[in-house]
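Subject: Structure handed over, with notes

Dear colleague,

I am passing on to you the structure that we talked about, and I would be glad if you read the notes with the view open beside them.

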Amino acid sequence: MKLIRLHKKKIDDFIDDLRANKRSAQQEVYQLVSAKMLAVCCQYVKDIHYAEDVMISGFMKVFTQINQYQNKGSFEGWIRRIMVNEAISYLRSKKEINYLEDLVVIEEVTTIDYDLSMEDLELLINQLPEGCRMVFNLFVVEGYKHHEIAEMLQIQEGTSKSQLAQARKLLQYQLEQLKQRGVWNGMK
């Protein structure tokens, strides 16, 4: 006979069991959010296999450092922050964070209204240079401030701002190029 859960548990329901180091709670939390956390890791680490390694390492930190979670804010947000920090640590250890020099000049593109799917946007973001992509994701997707990004990446706040500006210009340029070539809807 198949059991059907009448009340779906939320991730927050497992915090006490995680603190008690219950493996079943760890498995449940992993199953609930691993797909989302892998997507977070893939925003920073392009190779899916390394992104999976980063995610697993992140979950190990979640489970071993659960007592540091102070029940302030979203538990899933706390996990997400660990994944982002783990991805940054991985890239830093591999010395794979390269920042564009300000010498790269891209012609300013006028604002155009684009009808863009999330998949298409992710493809364009993934084509950005590592430093630009990382700052763009941290600022736009994760909502960090420039001073927080500078601290996380161990760069100057001005570098964070310039990388974001470069990322935006590069994205606009990519969109304009796609539009001019008439490949707008054929990105997939």
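The notes below begin with the whole chain and then turn to single helices, their packing and a few residues.

Please keep in mind from the start that this is a predicted model. The protein has 8 helices and 0 strands, and from the N terminus on its elements run α-α-α-α-α-α-α-α. Of the 188 residues in the protein, 39% are buried. Among contacts between residues at least 6 apart in sequence, 69% join residues that are at least 24 apart.

Helix α4

Helix α4 covers residues 75–93, which is 19 residues, and it reaches 27 Å from its first C-alpha to its last, close to the 27 Å expected at 1.5 Å a residue. At its N-terminal end α4 is capped by Ser74, which has a side-chain oxygen 3.2 Å from the backbone nitrogen of Glu76. Following α4 comes Lys95, whose phi is positive, near 55°. The buried residues of α4 include Phe75, Trp78, Ile79, Val84, Ala87 and Leu91, and the buried residues of this helix pack against α1 (15–19), α2 (23–44), α3 (48–64), α6 (130–141) and α7 (146–153).

Tyr44, in helix α2

One residue that helps to picture this packing is Tyr44, which has its place in helix α2. Is Tyr44 buried or exposed? Its relative accessibility is 1%, and because buried means under 20%, Tyr44 counts as buried. Leaving aside the neighbours within four places in sequence, Tyr44 is in contact with Val84, Ala87, Leu91, Arg133, Met134, Asn137, Leu138 and Glu142. Val84, Ala87 and Leu91 are among the buried residues of α4. Tyr44 and Val84 are 40 residues apart in sequence, while their C-alpha atoms are 7.8 Å apart in space.

Helix α8 and its partners

Helix α8 (residues 157–181) has 25 residues, which should span 36 Å at 1.5 Å a residue, and its end C-alpha atoms are indeed 36 Å apart, so the two values agree. Among the buried residues of α8 are Ser160, Gln163, Leu164, Ala167, Leu170 and Leu171, and its buried residues pack against α5 (118–126), α6 and α7.

How do the axes of α6 and α8 lie? They are 8 Å apart and the two helices pack at an angle of about 100°, which makes α6 roughly perpendicular to α8. By class, this contact of α6 with α8 has 9 nonpolar, 4 polar and 1 charged residues. On the α6 side, Gly131, Cys132, Val135, Phe136, Phe139 and Val140 take part, and they meet residues of α8 that include Leu164, Ala167, Leu170 and Leu171.

The axes of α7 and α8 come within 8 Å and cross at roughly 105°, and therefore these two helices are also roughly perpendicular to each other. Here His146, His147, Ile149 and Ala150 in α7 meet Glu157, Ser160, Lys161 and Leu164 in α8, and the contact has, by class, 3 nonpolar, 3 polar and 2 charged residues. Ser160 and Leu164 of α8 meet residues of α7, and both are also listed where α8 meets α6.

Two loop residues, and Gln26

Most residues other than glycine have a negative phi. With that in mind, please look at Asn21, where phi is near 60°, a positive value in a residue other than glycine. Asn21 is found in the loop between α1 and α2, and with 43% relative accessibility it counts as partly exposed. Gln154 likewise has a positive phi near 60°; this residue is in the loop between α7 and α8, and it is exposed, with a relative accessible area of 60%.

Asn21 appears again beside Gln26, for Gln26 is in contact with Leu18, Asn21 and Phe63 once its neighbours within four places in sequence are left aside. Gln26 lies in helix α2 and is buried, with a relative accessible area of 10%. Its side chain makes a polar contact with the side chain of Arg23, at 3.1 Å.

With kind regards

How values were computed:
Residues numbered from 1 in each chain as written. Predicted model: local features only at pLDDT ≥ 70, side-chain atom pairs only at ≥ 80, totals over all residues. Heavy atoms only, no water. Helix = DSSP H or I, 4+ residues; strand = E, 2+ residues; numbered from the N terminus. Expected span 1.5 Å × (residues − 1). Buried < 20%, exposed > 50% of the residue type's maximum accessible area, 1.4 Å probe, protein only. Contact = heavy atoms within 4.5 Å. Polar contact = N/O pair within 3.5 Å; in protein donor to acceptor, adjacent residues only side chain to side chain. Axes fitted to C-alpha atoms, helices over the stretch in contact; angles between N-to-C directions. Parallel < 35°, antiparallel > 145°, perpendicular 65-115°, else oblique. Nonpolar A, V, L, I, M, F, W, Y, C, P; charged D, E, K, R; others polar.
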